[in-house]
Amino acid sequence: MNQSVSNTPPAPATQLRPGERIKRILGSRTAGVVILLLVILALILVANAQGVTGNRLLSLTVRGVMLGGILSLGAIGLTLIFGVLRIPNFAHGDLMTGGAYLGLLFVGFMPMGNPIGPFSFGYEFLIAMVGSMAVVGVVGYLVDRMVFTRLRNRKSASIIFAMSSIGVALIIRSLVYLGWGADFTFFYRGRPRPSIELFAGIRVRPDQLFILGLALFLIFLVYLLLEHTKMGKAMRATADNPDLARVTGIDTERVVMWTWIIGGALAAAGGVMYGLDSQLRPEMGWLLLLPLFASVILGTIGNPYGALVGALVIGIVWQTSSAFLDPAYGPGVAFLVMILVLLFRPEGIFGKPR
Amino acid sequence: MQLLKVDSITTGYGEMEVLRDVTLEVAENEIVSIIGPNGAGKSTVMKTVFGLLAPWQGSITFDGTDISGFSPDRIVREGMCLVPQVDNVFPTLTVEENLEMGAFVMSGPLKERKEKIYDIFPRLAERRRQRAGKMSGGERQMVAMGRALMLDPKMILLDEPSAGLAPLIVDQIFEVIRQINDSGVAILMVEQNARKSLELAHRGYVLASGMNQVDGPGTELLDDPEVARLYLGGEVVSAAS
Amino acid sequence: MTTTTLVKAFLLTVPVAFLATQLLRSLPLLPRILLGIVAGFGVALAAVLWVPSGIMSYLVSFVIMASIYAVLTLGLNVQWGYTGLFNIGIAAFFAVGAFTSALFTTAPPSGALAAFSQQLFGFGAPFLVGLIAAGIVSGLLALLIAGPTLRLREDYLAIATIGIAEVTRLVFQNERWLANGPQPMRGIPQPLHCLVENPVCSWLPGPIAGLFDGFTARDYTFVYLFIASLVVLVVYIVLERAIRSPWGRVLRAIREEESSVAMSGKNVAAFRMQSFILGAIIMGMGGSLYAHYMVSIDYSHFDPLYATFLVWVMLMLGGSGNNRGAILGAFLIWGVWTGTTFIIDLARPALAAISSDLPARGPYLRYLLVGLLLLLILLYRPKGVIPEEKYVSQPG
């Protein structure tokens, strides 16, 4: 009712009403970035006014980058599945949860080794993570075959995919609940996780450095795949224009398979790392879903590099806001950022303005 | 020798019949143009030939194989490629990557094939690292055609190659079409720009209300008084339409 | 046959008569309604007389909860069924309605209680004020969320609604000053509770008050069932009229073929917004009904599983775009949901045989149930039990 949506085609630039012009300026990419920076600046100012020291802010920012690294693993898979397969996958958070718990299961199968160097985990943890990535990737593809392929053949609306993905999410979560109960748990219960000084009194746990490094490594692998392999290029092509991809002779079935395998594996890695960083809880993925979607929309749907940037921004905003806000509101803050993006630049930072 | 034979196909969307008893043939190394008013079902013919729409009745034979009911990627393997009308490049892929996608069904190195395309379209060679979405309409049309040629097809389908292009560019594109044909590729095209496409084509079909109305050599159709009255007469076929 | 029995039967008549009129769809409207009421009263009377009181009270509380869900499902039907708006944050509007109603109708804690319980305000207003306020505040929340998202791609609205539901839950969980989170808000008044007290409501004229002399506090659920089913009935009638009005016709046109409506000059965005808000208002009222039934509510009552996705399953199963289907779906699925308690109990030994941890985790099978139902309906019965009717819009 208060919408200023008109049915007339956009007027040429010369005849813009002032409101339209302001809207257009606000919608530019520069403005988008400026607004984001202003949001972060505002957070810092508010934190400052609340008497939070610069040092603490810096250390929160560092933690935000690490959280962003974890989020990006989920967000990249989510944006690929969204962009390439046109599925708004509300099960993605729960794929992360499932990945984390599978990792826990696999760790339990193996003899517990000594911690590697300064880290809290042994080699068995790395093997378990790789195993979990493989399983979740395959599970994602199987779910597609059982559910989404049928909907695709029926040419269902994107919303129907969204709804079925919620069904999938609930099933995954019920299995986690049944297998491990509702309580939180750790990969290595009771093992000390001391922190070390990074610089300027900023303390991090070695695990967190490992997590960031691994996230960056996996993202680099994704980059290689997308830019330098035939399948990666075909995935980007399908994201660009699925109809044209089919007409060109791209084997869309294989594109679907690889998108799920990559998206699922990254989600599992993200889940395992999130579990290592804090703890494993059946709701962990569900709570991450909102920040994930915020990252994806911020970085433009279908753009994996955008998702990385979006995840870093969301991670930093989440952590710095916790200087003066109950950390429980982290997902809420991410949501607020998303609403801002939707208001001013719904196509995301890297999208083409409509 | 017949390359493509479309034998009295009838098809449509849902309940709605769009084509009735459409029959057409394309010989090897021939340019055939389908013209007709808007809504006559020209694009539907293309979609049906290319397996995007199943024929209700009739059959489609390509190079001796019955391809009715084949999926697009199988048809591509048989040696037929389609250049759609709009949105016919992958905008965020580079020109080179766009070409590579044209050869997705093939394994092995593509360097030679790409070089061959760059010989036909020198303009694309200069811009091989540029994203296709950032190019002009004419350049995109070249990318799309180049991509279709990557597999060395026996035949390509062009859906309104002149749509949305400036007149000068249209001339260039038509010249390129002739050049492609000279290299031994048969061409079936659908065009709004009836006069130009009939001048180029060896033969033409006039499609109206979903049925073949007239067919014959391109230049003869141009002179046909009925065709002239129906589709060429008062209609100034502007390329920008 | 005592007065109490007759009054109970009268209170029960609304839902039964509604069911009867739906079964008699072949008759013209007026005889249908009259016959429905007569049959409804008859069946209700028979039930009060002969159904054992334990089963009766179970049935009554079942119908109350199913009615509350029916209100939510009807609200969702306005948004999804009529307009195709994908709201997966029903919990937000449900919770906001519930807490709003609670805040309006309770008195602010005073004395020793104030140390344990906090709330933003408390007006001690009557239930009806709470119900209306719940609708209004929930509608305002809808306006807030739909403003930036409704004109965008449909999946953005979905994400935004999930976001608002999560934020709402966080607020009610963490903000003590607002509604005593994370502790429950207690003492939400039960409307017309004085009917079952002694003496009966002082404002009622003597003869009417006299009818309730035989009522005890345990019979209050009959009163509440009357209220809840009345709300369902009113919402149903309003929606049925709305969907047959020119307004409803535009809504359906928007869902089917948006572009043609845009071209016919109607402001699509405004209509979508109105539909979204109307649905949210109804959901808010559902929340109010819930709060006054539960008496004590906290954030955990508004978990997405049973405050959002269960409602979706109800609508999908019943048949979206169809108000009767929405109500039927609410009752059927609520039956399945409560039935799972028994099934999980029965399955306990089997679960125990697999692992000693499993029986305690049995309740989580419900996630599995809702997820599977959602998928099975989408894959095998996308149109629901009662498919959408072809509405004939009345001229006007």
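Start by selecting chain C together with chain A: in this predicted model, the two chains bury about 4,700 Å² between them. Of that buried area, 74% lies on carbon and sulfur atoms. Now color the residues that touch across this boundary. You should pick up 55 residues on chain C, in contact with 51 residues on chain A.

While you are here, look for links between the side chains and backbones of the two partners. How many salt bridges are there between chain C and chain A? The count is zero. Polar contacts are there to find, though: nine residue pairs, with both members at pLDDT 80 or more, make one across the interface of chain C and chain A.

Next, show chain C as a cartoon and highlight these helices, each of which supplies at least two residues to the side that touches chain A:

- α5 (127–149) and α6 (154–174) of chain C
- α12 (268–294) and α13 (304–318) of chain C
- α15 (358–361) and α16 (365–380) of chain C

Which of these helices should you zoom in on? Try α6(C), which gives the most to this side of chain C, with 15 residues. Then color the whole side of chain C that touches chain A by residue type: 38 residues are nonpolar, eight are polar and nine are charged.

Now hide chain C and bring up chain B beside chain A. Here 25 residues of chain B are in contact with 18 residues of chain A. Together, chain B and chain A bury about 1,800 Å², with 61% of it on carbon and sulfur atoms. Show three side chains of chain B as sticks: B:F90, B:M101 and B:F104 lose the most area to chain A, and together they make up 38% of what the chain B side buries.

What about salt bridges at the interface of chain B and chain A? There are two of them. To see a salt bridge up close, select A:R236 and B:E97, whose side chains meet at 2.8 Å, N to O. Widen the view and you can also look for six residue pairs in polar contact between chain B and chain A, both residues of each pair being at pLDDT 80 or more.

For the last stop, highlight α2 (72–78) and α3 (95–102) of chain B, which each supply at least two residues to the side that touches chain A. The helix α3(B) gives the most to that side, with four residues. Finish by coloring this side of chain B by type, and you will find 15 nonpolar, four polar and six charged residues.

How values were computed:
Residues numbered from 1 in each chain as written. Chains lettered and ligands numbered in written order. Predicted model: local features only at pLDDT ≥ 70, side-chain atom pairs only at ≥ 80, totals over all residues. Heavy atoms only, no water. Contact = heavy atoms within 4.5 Å. Buried area = accessible area lost by both parts, 1.4 Å probe. Salt bridge = Lys/Arg side-chain N within 4 Å of Asp/Glu carboxyl O. Polar contact = N/O pair within 3.5 Å; in protein donor to acceptor, adjacent residues only side chain to side chain. Nonpolar A, V, L, I, M, F, W, Y, C, P; charged D, E, K, R; others polar.
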